[in-house]
Amino acid sequence: MPNSFNIYYLVRGDQTGDKIKAFPKGLKMVAGDPTRKTYDASSHADQAISYVCLDYSGAHNGDPEWNERPNFFQHNCPNGMRAQVFFPSCWDGKNLDSPDHKSHMSYPVENYNNGRCPSTHPVHLVSLFYEMIISVDQFSYDGPGSWVWASGDTTGYAFHGDFTNGWTDSDLLQSAIDDCPNAAGNVADCPHLAAVMDQQAAAACRYPGEIVNEDIGDKFPIAVLPGCNPVWDGTGTKPACPSAGATPSLGGTQEKLATGWTEVGCIAEATNGRALTGAQLVDATGMTKNKCAQFCQSKNFKFAGIEWSQECYCGNSFSNGASSNTVASTQCSNSCAGNKFETCGGPQRLTLLTFDANGAPAPSVSVAPSSSVAVPVLSSAVVSSIASTSVVSSSKSLPTISSSSVVVVSSVASSASSVVVSNVPSVSVIVSSSALATSSAVPTADPATSHVLVPVPPITTASSAVVTPSAVSSAVPSPVHSDVCGAPPPAESPVVSSAAAAPPVATGIPAGWASAGCVSDNGHRTLNARAMTSDSLTVAQCLNYCTKEGFSIAGIEYGRECYCGNSFKNDGGKPLDNSVCRMSCTGQKDAQCGGDWALSVFKKTSNSSRRAVKAKHFGRHHPHNTF
């Protein structure tokens, strides 16, 4: 099921006199038990696993059937369900792990989420709390057994969380614990962390290792859960494991480049047109380095460049002042549309490949004068989520979807060139997290790799339309964003108006809210009080979130990012043309949900729920003793 996470580092227990410490390097621990089928109300370990049924209307306030509980609810949840894991915060000071991944850790004496540490585990670490918000409301509830974890559990008792310390600088984390006076949910508010944050480098980070090569239902329903995980409610005898095939192998995430091709690195796009003007291919769901290289090779070009995750350009020389001089690799921050583990350019940046059939050094680069004419460019609908990625062994090529391709070939610029837009099929994505599936709808997940199946709306383009340059708009988009995937075309790229038109303003806006148009955002964030992201975001979800948090303005950007506030900050909020907010919501394809540094804004029609930002401490208030 679609889901999102909030992960909190909480300074708890300092009032007891305990000194709160950063996680030691190499620490591992588990909270919860994937085999548990019962609940012990006196156990801190059991209390640390809980569920909240989200209903922002308040219709069920005070109803005991809707109170926080240790297992699944016996009804659906209008705004999703929150699964919660609170990790033990007391360490024995000696062992970084233990055979059960738990014995070296302990919960505090008084409560699972606060208090002093026992003498057996005297080192008080910063508290770690996970919230997993699961979109159960998008699926029908058919009684007990409707929901099942990937471990086969239909009760909810088996929910658990894993932690492996990835902090390479323990002193940095300690500084954040000791001196972060304005912590309110925004990491950048902590001076020690803000000083070392590099969003561009984070966006450019790719996982180069191996993943399990196993069918986890990302393309078609599967009959059983992967592994030995029969669906079971914990009563009677556990069902036998379904007949299993061969143990799945591990497959590499990086596809080897086709013979004769080498990667040069990240280069800057030309400032007055395209760097490579020979031919181009746009594939919103299947673009990879190899797909671009093979396309350019088929057109007899020796240079291939990929930009914006999905755009491939070819040439035998560089035009419009561009060159093969490389820039910092982190400037190529977009993952490939067809393989999220590969890098395919960035904002105004190309991942450059070069071909030499004889294995000789790369050919010399000729730089064309900046007055060269650029080939007309098709900018397809922006994709705000990564396309479905097949897990394959390193000896196999990643699949592509030819029906989603857009091909434009031209050896010289021509005003008579035309652009053919093909239909784009519906795709799926996989995101890393704990996995919850519905047994009735049959989407399932892999407990070994903790992947969740997330449906993604079809990408909409003009249906088999032929668009001539006369129909191309020369509108210039807003400033470039540095996040991965889902950025608009560069400023010099003409936009095909019929294919890149903004979706309609959302329908079904919750009562008390009204659309307020499209406004500018920037790197400092103009709505900076609260934020959340979701790969299945809807307008109602964002507005309900901001309502619950007590704010009167909500803004959606890049189709999946929701921001809240009571006023526009940091010189943002300037009105933009509605066409700039041209991205669809990741969970509501017919709704307008922002763009590149552009927010689709909604405002409350009354101020009854306005609140001061500082009234909220780091973490969530709950009407119960959870957090």
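Helices (H or I, at least four residues) and strands (E, at least two) are DSSP runs, numbered from the N terminus. This is a predicted model, in which local features need pLDDT of at least 70, side-chain atom pairs count only at pLDDT 80 or more, and totals for chains, interfaces and linings use all residues. Residues are numbered from 1 along each chain as its sequence is written, and side-chain values use heavy atoms, with hydrogens and water left out.

**Exercise 1. The whole chain**

Task: State how many helices and strands the chain has, and what share of its residues is buried.

Solution:
- Step 1. The chain has six helices and 36 strands.
- Step 2. Buried means under 20% relative accessible area, exposed over 50%, and partly exposed in between (1.4 Å probe, protein chains only).
- Step 3. Of the 627 residues in the chain, 52% are buried.
- Step 4. The accessible surface of the chain is about 26,300 Å² (Shrake-Rupley method, 1.4 Å probe; for residues, only the protein chains shown count as cover). Carbon and sulfur atoms hold 53% of that surface.
- Step 5. Contact means heavy atoms within 4.5 Å. Take the contacts between residues at least 6 apart in sequence: 76% of them join residues at least 24 apart.

**Exercise 2. Asparagine 290**

Task: Place asparagine 290 in the chain and find its partners.

Solution:
- Step 1. Find the element. Asparagine 290 lies in helix 5, residues 289-298.
- Step 2. Check the exposure. The relative accessible area of asparagine 290 is 5%, so this residue is buried.
- Step 3. List the contacts, leaving aside neighbours within four places in sequence. Asparagine 290 then touches Glu255, Lys256, Leu257 and Ala258.
- Step 4. Look for a polar contact. This is a pair of N or O atoms within 3.5 Å; within protein, one must be able to donate a hydrogen and the other to accept it, and residues adjacent in sequence count only if both atoms are side-chain atoms. The side chains of asparagine 290 and glutamate 255 make one, at 3.1 Å.

**Exercise 3. An open sheet**

Task: Work out which strands stand at the edges of the sheet 30-32-31-36-29-33.

Solution:
- Step 1. Two strands pair if DSSP finds at least two bridges between them.
- Step 2. Read the order. Six strands form this open sheet, with antiparallel pairing.
- Step 3. Find the edges. Strand 30 (530-533) and strand 33 (575-576) each have a single partner strand, so one side of each lacks a neighbour in the sheet.
- Step 4. Examine one pair. Strand 29 (residues 513-520) and strand 36 (residues 598-604) are antiparallel, with six bridges. Cysteine 518 stands opposite serine 600 in strand 36.

**Exercise 4. Disulfides**

Task: Give the handedness of the disulfide of cysteine 53 and cysteine 77, then that of cysteine 90 and cysteine 117.

Solution:
- Step 1. A disulfide is a covalent bond between the sulfur atoms of two cysteines. Here the cut-off is a pair of cysteine sulfur atoms within 2.5 Å. The structure holds eleven disulfides.
- Step 2. Cysteine 53 and cysteine 77 have sulfur atoms 2.0 Å apart. The torsion about their S-S bond is about -120 degrees, so this disulfide is left-handed.
- Step 3. Cysteine 53 lies in strand 4 (residues 49-53) and cysteine 77 in the loop between strand 4 and strand 5 (81-86), so the link ties parts 24 residues apart in sequence. Both cysteine 53 and cysteine 77 are buried.
- Step 4. Cysteine 90 and cysteine 117 are joined at 2.1 Å, S to S. Their torsion is about -85 degrees, so this disulfide is left-handed.
- Step 5. Cysteine 90 is buried at 0% relative accessibility. Cysteine 117 is buried at 12%.
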